[in-house]
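Biologist: I'm new to this one. Could you walk me through it?
Modeller: Sure, let's have it up on screen and start with a pair of helices.
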Amino acid sequence: MQSYDLIVCGAGPAGAMAAATAARKGLKVALLEKCPLPRHKTCGGGTPMVMQDFLYNLVPEAFVESDVLYMRHTWNFADPFLGAINPSETDRRFSLWMVQRSLFDHALVHQAWQAGSQVFDGVAVRSVEVDADQVRVNAQIVKSNGGLSKGSEFTATARYLIGADGANGLTAKAANLRQHRTIALGMEVEFPHQWGTGHPDLRPDVLHLEYGAVQRGYAWVFPKADHLNVGAGIFSLRQGDIRSSHQAREALQKAIFTYLETLQLQYDPTRMKFHAHPLPTWCGREPLHTGDGRILLVGDAAGLINPLFGDGILPAVKSGTIAATCVAEGTTSTYSDRIHAEFASSFDAARRLANLFYQYPHFFYRYGVKYEKSTRLATRLIAGDIQFNNILGRTLLKVGKSMVQDLLPPWMGFVYR
Ligand SMILES: Cc1cc2nc3c(=O)[nH]c(=O)nc-3n(C[C@H](O)[C@H](O)[C@H](O)COP(=O)(O)OP(=O)(O)OC[C@H]3O[C@@H](n4cnc5c(N)ncnc54)[C@H](O)[C@@H]3O)c2cc1C
């Protein structure tokens, strides 16, 4: 049985980043991943360019497939509005990177390995036991690998465990954390595409967002090198779980088919490979480490998905870095507070906005999304350049004012102004 300073369960962006950070700080780290790597991850793969700050020596050219500068918004696939992320050349430049998760995540795992972590893929953690001074992880080999043969047991101990095992992981449950979750549902299809065919607005620097097709959610088309990631998600749910709802899945599929049709893309419905996956969105401050500070949750396992947009890659990377730093410094008892300081105020405000946005999407589309500065604002929010709590009041006032002005007769609008 091997013994480590830290075991990380799950090699998505949160786990890979945690392992890389801890190994760089001199800890003996094991990174366990149940899937053989590289693995598919159901995801749009859109992430802000500020991700670069976390990549150390990785060059974006290795995995960024498109650099998005515009968003084409629609309501019920009509009333299009093309918003620029950088409307003024003098402002700081932002963009959204489009990555393929299999490549991106693998690059991060490679970085963790280069930093000195031992990486075990095809190793599924089955249970976790906590003693007074260590955590024991029992796993099973699901793919023969080196000296490890399929079906055999793998047991290791460590002083700390980081649970980076995503939305369906077991560490949160094993640690008795995150009893109440808000689960959204996303679905995507990777649709082969040759640039220059289909609708003229299909361009590698434009992503598409549709707000009327899915109740309490939206649909998207994200440009990649040789395909489009076409997807839809249902967000802003009260506490509950829609993972097994057939109705929800049908609604998401229908939105995806309609998107393809309106973008003039030919498809064979029998050959479409849909992937669906839960999104555990932020549902308020809660403990994200055990009382003894031995188990810490990061990324989706910690429910760190933005409740308005559904993005979670950057929060995963940030939380993985913070957790590993706490482990290395011996300050794991401060972990939840540090995560709350980073995300809570902003995500609480995002949640309030999401509840309104998804209840009255048409109003927000007309009076908010189509506002000339909104596309840049959304990108800066995703990048963490500004916080939702700093814009919530102003945004609601702006939307309300525009609505009143629009509804009043012109002379009253003049008086009102
Ligand atoms: C349809 C969809 C679209 C999305 N689009 C975007 C987007 O465009 N931009 C964005 O920022 N976010 C997006 N997200 C959210 C994003 O995918 C997640 O927030 C992100 O992947 C979280 O990273 P993570 O490392 O916490 O978890 P994951 O990436 O889920 O990684 C967890 C890992 O743990 C492994 N694991 C699980 N159980 C075990 C076990 N028992 N033993 C060992 N390993 C285990 C899994 O195999 C997996 O590799 C989307 C999500 C969905 C569902």
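Modeller: One thing to have ready: an angle from 65 to 115 degrees counts as roughly perpendicular. And keep in mind that this is a predicted model.
Biologist: Okay. At what angle do the axes of α7 and α9 cross?
Modeller: Roughly 95 degrees, and the axes come within 9 Å. The helices are residues 361–369 for α7 and 388–407 for α9. That crossing angle falls in the range I gave, so α7 and α9 are roughly perpendicular to each other.
Biologist: Which residues make the contact?
Modeller: On the α7 side, Phe363, Phe364, Tyr367 and Gly368; on the α9 side, Thr395, Val399, Ser402 and Met403. By class that's 5 nonpolar and 3 polar, with no charged residues.
Biologist: Switching topic: what's around the ligand?
Modeller: A shell of 42 residues, and the ones that come nearest are Gly10, Gly12, Gly186, Gly299 and Gly312.
Biologist: How many of the shell residues are charged?
Modeller: 8 of them, alongside 17 nonpolar and 17 polar.
Biologist: And which elements supply at least two residues each?
Modeller: Two helices are on that list, α1 (13–24) and α5 (313–329). The strands include β2 (29–33), β3 (46–48), β9 (123–130) and β12 (182–192). β15 (227–234) and β16 (275–281) also each give at least two.
Biologist: Let's stay with α1. Is it largely enclosed or out in the open?
Modeller: Largely enclosed by the rest of the structure, because 11 of its 12 residues are buried. Among them are Pro13, Ala14, Met17, Thr21 and Ala23.
Biologist: What do those buried residues pack against?
Modeller: β1 (2–9), β2, α2 (101–114), β11 (153–163) and α5.
Biologist: How does the length of α1 compare with what its 12 residues should span?
Modeller: It agrees: at 1.5 Å a residue α1 should span 16 Å, and its end C-alpha atoms are 16 Å apart. Just after α1, Gly26 takes a positive phi of about 95 degrees.
Biologist: You mentioned β11. Is Glu153 buried or exposed?
Modeller: Glu153, which lies in strand β11, is exposed. The cut-off for exposed is 12 or fewer other C-beta atoms within 10 Å, and Glu153 has 11.
Biologist: Which residues is Glu153 in contact with?
Modeller: Asn138 and Gln140, leaving aside neighbours within four places in sequence.
Biologist: And how far is Glu153 from Ser102?
Modeller: Their C-alpha atoms are separated by 27 Å, and the two residues are 51 apart along the chain.

Conventions:
Residues numbered from 1 in each chain as written. Predicted model: local features only at pLDDT ≥ 70, side-chain atom pairs only at ≥ 80, totals over all residues. Near = placed C-beta within 6 Å. Helix = DSSP H or I, 4+ residues; strand = E, 2+ residues; numbered from the N terminus. Nonpolar A, V, L, I, M, F, W, Y, C, P; charged D, E, K, R; others polar. Axes fitted to C-alpha atoms, helices over the stretch in contact; angles between N-to-C directions. Parallel < 35°, antiparallel > 145°, perpendicular 65-115°, else oblique. Contact = placed C-beta atoms within 7 Å. Expected span 1.5 Å × (residues − 1). Buried ≥ 20, exposed ≤ 12 C-beta atoms within 10 Å, placed from the backbone.
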